[in-house]
Amino acid sequence: MTVLLHLAGLVDDLDEALDSATGRCSALAAEAHRIAFGRDVDGLVRCPACGELLEARVRLPSSADVPVAEPPADPGEVRVGGYAVRAPTVRDLLAAAVDPGEARAVLLTRCVRRLDGRPFDPSALTSDEEARVDEAAERLAGEADVVLRAECPACAGCVVATLDVGAVLWDQVEAAAPALIAEVAALARAFGWSERAVLALSPTRRQRYLTQAAAL
C-alpha cells in the first residue's frame, strides 16, 4: 500500500508512508481510492447470526472528512502508568509480520518504553496495563478501518464488519491493471504514443481516443 500511496503522489517518499501512523495511511488509501475509483465500495457481507449473504455499499470518507494533505503534527507519546506509548506505524506492522506468533510482543516492544529507562518486557504488563496501552496506541494511531453496520433483512440481526481500505485499494488496482495496459497498447499502436503520454490523459479523453482508434 505504501508504494501505491507514493505513486499516487500522496506522500513525498516511501519513508514518509512507512513512518506514518496506521490511521493516516488508511485515510491516504481512502483518498487514493476516491481519486482513482470513486468513494463507493461494493461488496458482500455474511450475517453472523443466520448466514444470510448481504450486498453492501460503503462510502469511504472524503478528504474533507479526514484531512490527509500534510502529515499531522507528531502526536508524540502518552503516559500510561510507568510507560510511554506511541502510535504504531506501517514500519512497525511490517516488522511484526515477520513472525506472526510474536507479532504482538514485537509491536509492544517497538511502541512502548519504560519511563524509568529500564528495558521493557511485554510479559510484565498486567492485563489492566495492557488494555490501557492498547487503548492509548489506537487513539494515537487514528481509525485504520472503515466500519460497516447494517441490519440483516432475513433475521433483523445487527451485522458489523470492518473494511481494510488498503486491501480494497490494492484489489481495485490489481483488477484495473490489465484493462489499463490494454488501453495503453491500443493507443500506442494507433497513434504511436508512449506509455507516459497515454497515462497522462484523463479517463474521459482516453476513452474518446480509444473510440477513434477502434474506427481506424
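Arg-24 sits in helix α3. Is Arg-24 buried or exposed? Arg-24 counts as buried, because its relative accessibility is 8%, and the cut-off for buried is under 20%. I should say now that this is a predicted model. One distance for orientation: Arg-24 and Ala-103 are 79 residues apart in sequence, and 21 Å separates them in space, C-alpha to C-alpha.

Next, the nonpolar cores. The largest has 28 residues. Those that touch the most other members are Leu-5, Val-45, Leu-60, Val-146, Val-159, Leu-163 and Val-165. Which elements supply at least two residues each? On the helical side they are α1 (2–7), α2 (14–18), α3 (22–37) and α7 (165–191); among the strands they are β1 (40–46), β2 (53–59), β6 and β7. Helix α3, where we started with Arg-24, gives the largest share of this core, five residues. There is also a second core of ten residues, separate from that one, and it includes Val-80, Val-85, Leu-108 and Phe-120.

Take Leu-163 from the largest core as an example. Setting aside neighbours within four places in sequence, Leu-163 is in contact with Val-41, Val-58, Leu-60, Asp-145, Val-146 and Val-168.

Now to β1 and β2. These two strands run antiparallel and are joined by seven bridges. One of the pairings is Leu-44 with Glu-55, the latter in β2. The two strands form a hairpin, with six residues between them. In the turn, Gly-51 has a positive phi of about 85°.

How do the side chains along β2 alternate? Leu-54, Ala-56 and Val-58 point to one face and are buried. Leu-53, Glu-55, Arg-57 and Arg-59 point to the other face and are not buried. In general, side chains in a regular strand alternate between the two faces of the sheet.

Another positive phi belongs to Ala-156, near 65°, and this residue is not a glycine. Most residues other than glycine have a negative phi. Where is Ala-156 found? Ala-156 is in the loop between β6 (146–151) and β7 (158–163). Ala-156 counts as exposed, because its relative accessibility is 51% and the cut-off for exposed is over 50%.

On to the cysteines. How many disulfides does the structure hold? The count is zero. For Cys-50, the closest cysteine sulfur is that of Cys-152, at 3.7 Å, and this is too far for a bond, because a disulfide needs the sulfur atoms within 2.5 Å. Cys-155 is in no disulfide either; its nearest cysteine sulfur belongs to Cys-50, 3.7 Å away. As for accessibility, Cys-50 is partly exposed, with a relative accessible area of 38%. Cys-155 is partly exposed too, at 35%.

Last, the largest pocket. Its volume is about 890 Å³, and 20 residues line it. Which of them lie nearest its centre? They are Ala-36, Phe-37, Val-173, Leu-180 and Leu-199. The elements giving two or more residues to the lining are α1, α3, α7, α8 (195–199) and α9 (203–215). Helix α7 provides the largest share of that lining, nine residues.

To tie two parts together: α1, α3 and α7 each supply at least two residues of the largest core, and these three helices also each give two or more residues to the lining of the largest pocket.

Definitions and conventions
Residues numbered from 1 in each chain as written. Predicted model: local features only at pLDDT ≥ 70, side-chain atom pairs only at ≥ 80, totals over all residues. Heavy atoms only, no water. Helix = DSSP H or I, 4+ residues; strand = E, 2+ residues; numbered from the N terminus. Buried < 20%, exposed > 50% of the residue type's maximum accessible area, 1.4 Å probe, protein only. Core = buried A, V, L, I, M, F, W, Y, C linked by side-chain atoms within 4.5 Å. Contact = heavy atoms within 4.5 Å. Pairing = 2+ DSSP bridges. 1 Å grid on protein atoms, 1.4 Å probe; cavity = no way out; pocket = protein on both sides within 12 Å on 5 of 7 lines; lining within 4 Å. Points joined across faces, edges and corners; volume = space filled by probe spheres on them.
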